[in-house]
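Here are some notes for your next look at this model. Please read them with the structure open.

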Amino acid sequence: MAEQIPLIQSDRQTVRLSDAILDERLRGTRFVSLTPKRVLNPPSATGMDYWSLNPYVGCEFGCSYCYARYTHRYVVERAHDAGKLTDAEFADYRGAHGWEAFERRIFVKEQVVGALDADLRRVPLGACIVIGTATDPYQPAERQFRLTRAVLQRLTRCEGLSIGIITKSPLIARDCDLLLKLQIRNDVQIHLSLITADATLARKLEARSPVPGARLRALKKLVDAGVNAGLIVAPVLPGITDDMEHLDALVAAAKAAGARFIHAGALRLYPAVRDRFMQVLGEHFPELIPRYEKAYAKQMGAPREYAQALARRVKKLQHKHRFTKNEGMIDRYKPSRVPTQGELELRGSLP
Ligand code: SF4
């Protein structure tokens, strides 16, 4: 039977989803074309210190703590508000609980290179562009659509930029050739993202992410090839991944993989994260629920004292594993608007 055909308003234009459905997996994941005219988000729009680019909206990796669910919700809600999605279609593109669709309805910015071409005219020399701030640029969709690779190819024509990429996927090693080319005339930093070296724990928290060992092997492959790459440990989860033994194992694994730097940050419990993460927390760590509820009751960021204690702990481990100052804590991808912090309850989990 023919499917009802919804229309969706992308950032700048209307797209018929009948033409826009690019592929569908057995698991039910659907890939939908999105054609925004602009793909580089300026610092003024995001409150971050850099320009950002995300070739996909939604991510099949399905991390419970992912803060990017709101971006997907925003795209879908705008389409619904504009009358481009019926209530039934809206329900499908939102999912029963508001978070599933992020993992199963992936928007693919097919015309990303054309839009990037135009956007680059606005970017000043020396600017920082970070790819993968909201969704993973090397998520499974990238194997098929190769948008991130196309973006890198375009960026190799630039010079004097500072380019960062954040990913959990070993697929980034596929683009080693381009990364090497890119860093000839630009400053490049690759941030392999890993919150734990424990594969069992990772699977509890991240539905379909690549196993830790695969990420570490990709990191080693990049570094061995000469790419400037390190590890980002974010978010550190209070009471779950923040103990010294746990972090020590992670920093040691990063060092063994040749990481040029390692940095870490505590969980931010944004409203869009809260529903999904607290559910997973309840499934696997129910005893922590009251502590999280109290600690994150008044603000989205971790309590200030906790964040400071965590930073001291990470610094100690960087020193222990000989991450030098230049290779070490690079906290450039921090939002310039820091959330208000006042709750100090989680400090008990740190010395
Ligand atoms: S890999 Fe990144 S974007 Fe994808 S679900 Fe996990 S945290 Fe979100």
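A polar contact is a pair of N or O atoms within 3.5 Å; within protein, one must be able to donate a hydrogen and the other to accept it. Keep in mind that this is a predicted model.

1. Aspartate 242, contacts. Its place is the loop between strand E12 (229–236) and helix H12 (244–256). The side chain of aspartate 242 makes a polar contact with the side chain of tyrosine 306, at 2.8 Å. The aspartate 242 side chain also reaches the backbone nitrogen of glycine 239, at 3.1 Å.

2. Aspartate 242, charge. Is this residue buried or exposed? Aspartate 242 is buried, yet it has no salt bridge. The nearest side chain of opposite charge belongs to arginine 313, 5.1 Å away. A salt bridge needs a side-chain nitrogen of Lys or Arg within 4 Å of a carboxyl oxygen of Asp or Glu.

3. Strand E10, burial. E10 spans residues 162–167, and 6 of its 6 residues are buried. In a regular strand the side chains alternate between the two faces of the sheet. Both faces of E10 are covered. Ser162, Gly164 and Ile166 are buried on one side. Ile163, Ile165 and Thr167 are buried on the other.

4. Strand E10, neighbours. Which strands does E10 pair with? One is strand E9 (residues 128–131), which runs parallel to E10 and is joined to it by 4 bridges. Isoleucine 129 has isoleucine 163 in E10 as its bridge partner. Another is strand E11 (residues 187–193), also parallel to E10, with 6 bridges. There, glycine 164 stands opposite glutamine 189 in E11.

5. The crossover. Helix H9 (residues 176–185) joins E10 and E11 in a β-α-β unit. The unit is right-handed.

6. The open sheet. Here 4 strands line up in the order E3-E4-E8-E7, with mixed pairing. At the edges are strand E3 (21–24) and strand E7 (56–57), each paired on one side only. Strand E4 (residues 30–34) and strand E8 (residues 105–109) pair in the parallel sense over 5 bridges. Among these strands' residues, serine 33 has valine 108 in E8 as its bridge partner.

7. Threonine 324. This residue lies in the segment after helix H15 (304–320). Why does threonine 324 count as partly exposed? Because its relative accessibility is 42%, and partly exposed covers what lies between under 20% and over 50%. Threonine 324 and arginine 260 are 64 residues apart along the chain, and their C-alpha atoms are separated by 8.8 Å.

Note on methods
Residues are numbered from 1 along each chain as its sequence is written. This is a predicted model: local features need pLDDT of at least 70, side-chain atom pairs count only at pLDDT 80 or more; totals for chains, interfaces and linings use all residues. Side-chain values use heavy atoms; hydrogens and water are left out. Helices (H or I, at least four residues) and strands (E, at least two) are DSSP runs, numbered from the N terminus. Buried means under 20% relative accessible area, exposed over 50%, partly exposed in between (1.4 Å probe, protein chains only). Two strands pair if DSSP finds at least two bridges between them. A crossover is right-handed if, with the strands pointing away from the viewer, the path from the first strand over the helix to the second runs clockwise. Lys and Arg count as positive and Asp and Glu as negative; His and the chain ends are not counted.
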